[in-house]
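Subject: Structure handover

Hi,

Here is the structure I promised to pass on to you. My notes on what I found follow below it, so please have it open while you read.

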Amino acid sequence: QRGMISTNRGKMSEFLTICKLSIIAFTLFFGVSGSGCPVLECWFVQEKPGHRGGFTVPMDQEKSLMFITTEAYNEKTLSELHPPADISPSRIYHVTDPAGTFCSSALNPPKGSVNKPKCEINPFMPHASMVRWAAALTDSAQSPVYLQADWFSVAAQGLDEQLTLSNIMRAPSTSKEPKVILSVSSKTPVVRSRLGEQVLLDCGFWVDPSSPLHGSGFSIEWRYQFRGEGRLVIAYDGKNDWFAETSETGADIDVTALYESGNASLVLEEAQVRHSGTYICTVYLPHLLAQVAVDLEIVEPPSLSIYPSPLPLLVPGQVVVAQCEASGFAPHTLELGWEFTGADGKSRSLGQGSVTGHRQASDGTFSQSTRLELDSGKLKLGRGGEVTCVAKHEGEARRASATLNVIGVSAPSIEDSMAMVAVALVLYGVIKVLYWTISSADSSDTDLKDK
């Protein structure tokens, strides 16, 4: 009997284990391939037909819609979709995204949300890359049969700067059911850093394992752009395992993570002002490429100093010049001003003073100063107080203060008046005592003479 109970308990334990695993599998399946993928509203942008060249290319854009799932579509799932009537059927796409790259919450806003992710679809033409670090991917002059299809590139930006995505999709000719083949994304589209800190610019890629392009090699490129100027930061040929020579220092990628997980993130060892700008992460496959942009801003608040220090005594009728120096800040936008706090604790603005232009140091940081003439009569400084220099900067607001003493003011304060009364009373008492003493001595001398 004990054996039967033990056997039943074992079977029950196995049954519960199977139930738990089934629940986990069910949750994972529907969490990834079900409602987790959004219906993306996009613009389909292409050149207008009949264009014959020129400096400006007229573009045509149409509303489009992407139904997205991680599993291949079938007749049943297609029949359950109900696209809106205001979008042309030719611009409705049923996308298969095995890795769920489109299924980020950043691309799936809450129902009724005013803010929407940005999405653009463009026709894509596969082509061989001409850069040295990707040339080995297309050694053969022949174009693979696999490329004979309809190709699209999709650029998407998530809500609140959480994601930027670039996907290359392939659809059989005349089909509206493309599949994601290459995906490049960044979870840090905008990065802010202080000077001297290590900076991580996120970039990752995924290649469809069922595609013939999977395992055929890849190349990675990071390029910097700022105000029309650009430079190559790092370039890696994954097929031949070599780095291209660049003039950039202090920048690196993790090659091991590149092969293991598609992590192509760029690491800048020490942030400098010259690093501010746009970084473009490009992933090359044979005849394909996709890229995302990451904006880096170096933000350093200013250091403040007031000169002379300490401030000299101010006599009514004279002027003391105070200067505030703000240095070591970036970017250059800065607002300087002065404040005064009197003996009563109340603060008020003294204006900007005379502000100089920006000066740039060799490390790229900026400095700026303001000069203020302290006139007790014009500025109504009373008997003095706290003079404060205020710097408003996007990195952080900074303040520096100095004590100002005003002497010889004609109108005494209440404290001074009370002190003067006390001194007068003391002097009156002393004089009274002396008078009594002298009077007493004179009386004694008169008595002695009379005797």
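Let me start with the surface. In this predicted model, a patch of negative charge is formed by Asp252, Asp254, Glu260 and Glu269. One of these, Glu260, belongs to helix 3, which covers residues 255–261. Glu260 has a relative accessible area of 66% and is therefore exposed, since exposed means over 50%.

There is a nonpolar surface patch to look at as well. Val426, Val430, Leu434 and Ile438 make it up, and together they have about 370 Å² of accessible area. If you want a place to begin, go to helix 5 (residues 414–450), where Ile438 sits. Ile438 has 51% relative accessibility, so this residue counts as exposed.

Next, the sheets. Six strands make an open sheet with mixed pairing, in the order 8-17-16-11-12-13. Which strands stand at its edges? They are strand 8 (190–193) and strand 13 (242–243); each has a single partner strand, so one side of each has no neighbour in the sheet. Within this order, strand 17 follows strand 8 and is followed by strand 16. Strand 16 (residues 277–285) and strand 17 (residues 288–298) are antiparallel and pair over nine bridges. To find your way along that pairing, take Ile280, whose bridge partner in strand 17 is Ala293.

Another set of pairings involves strands 1, 2 and 3. Strand 1 (residues 39–47) pairs with strand 2 (residues 59–69) through nine bridges in the antiparallel sense, and Phe44 has Glu62 in strand 2 as its bridge partner. Strand 2 also pairs with strand 3 (residues 92–96), this time parallel and over five bridges. There, Thr69 is opposite Thr96 of strand 3.

Now for the charged pairs. Side chains of opposite charge can pair when their charged atoms come close. How many salt bridges does the structure hold? The count is 13, and I picked out a few for you.

The one between Arg192 and Glu297 has an N to O distance of 3.8 Å. This pair ties together distant parts of the chain, with Arg192 in strand 8 and Glu297 in strand 17, 105 residues apart. Arg192 is partly exposed, at 49% relative accessibility, and Glu297 is partly exposed too, at 29%.

A second one joins Glu325 to Arg359, with 2.6 Å between the closest N and O atoms. Here again distant parts of the chain are linked: Glu325 is in strand 19 (residues 319–329) and Arg359 in strand 23 (residues 359–360), 34 residues apart. Arg359 has a relative accessible area of 34%, so Arg359 is partly exposed.

The third is between the side chains of Glu396 and Arg398, at 3.5 Å from N to O. Glu396 is partly exposed, with a relative accessible area of 39%, and Arg398 is also partly exposed, at 25% relative accessibility. Elsewhere, salt bridges with shared partners bring Arg192, Glu297 and Glu394 into one network.

If you have time for one view, I would suggest the pair of Arg192 and Glu297: their salt bridge runs between strand 8 and strand 17, and both residues are part of the network that includes Glu394.

Happy viewing, and do write back with any questions.

Best wishes

Key. Residues numbered from 1 in each chain as written. Predicted model: local features only at pLDDT ≥ 70, side-chain atom pairs only at ≥ 80, totals over all residues. Heavy atoms only, no water. Patch = residues over 30% accessible without salt bridge, like charges linked within 9 Å, V, L, I, M, F, W, Y side chains within 5 Å. Areas by Shrake-Rupley, 256 points an atom, 1.4 Å probe, with all protein chains shown as cover. Salt bridge = Lys/Arg side-chain N within 4 Å of Asp/Glu carboxyl O. Lys, Arg positive; Asp, Glu negative; His and termini not counted. Charge placed at Lys NZ, Arg CZ, Asp CG, Glu CD. Helix = DSSP H or I, 4+ residues; strand = E, 2+ residues; numbered from the N terminus. Buried < 20%, exposed > 50% of the residue type's maximum accessible area, 1.4 Å probe, protein only. Pairing = 2+ DSSP bridges.
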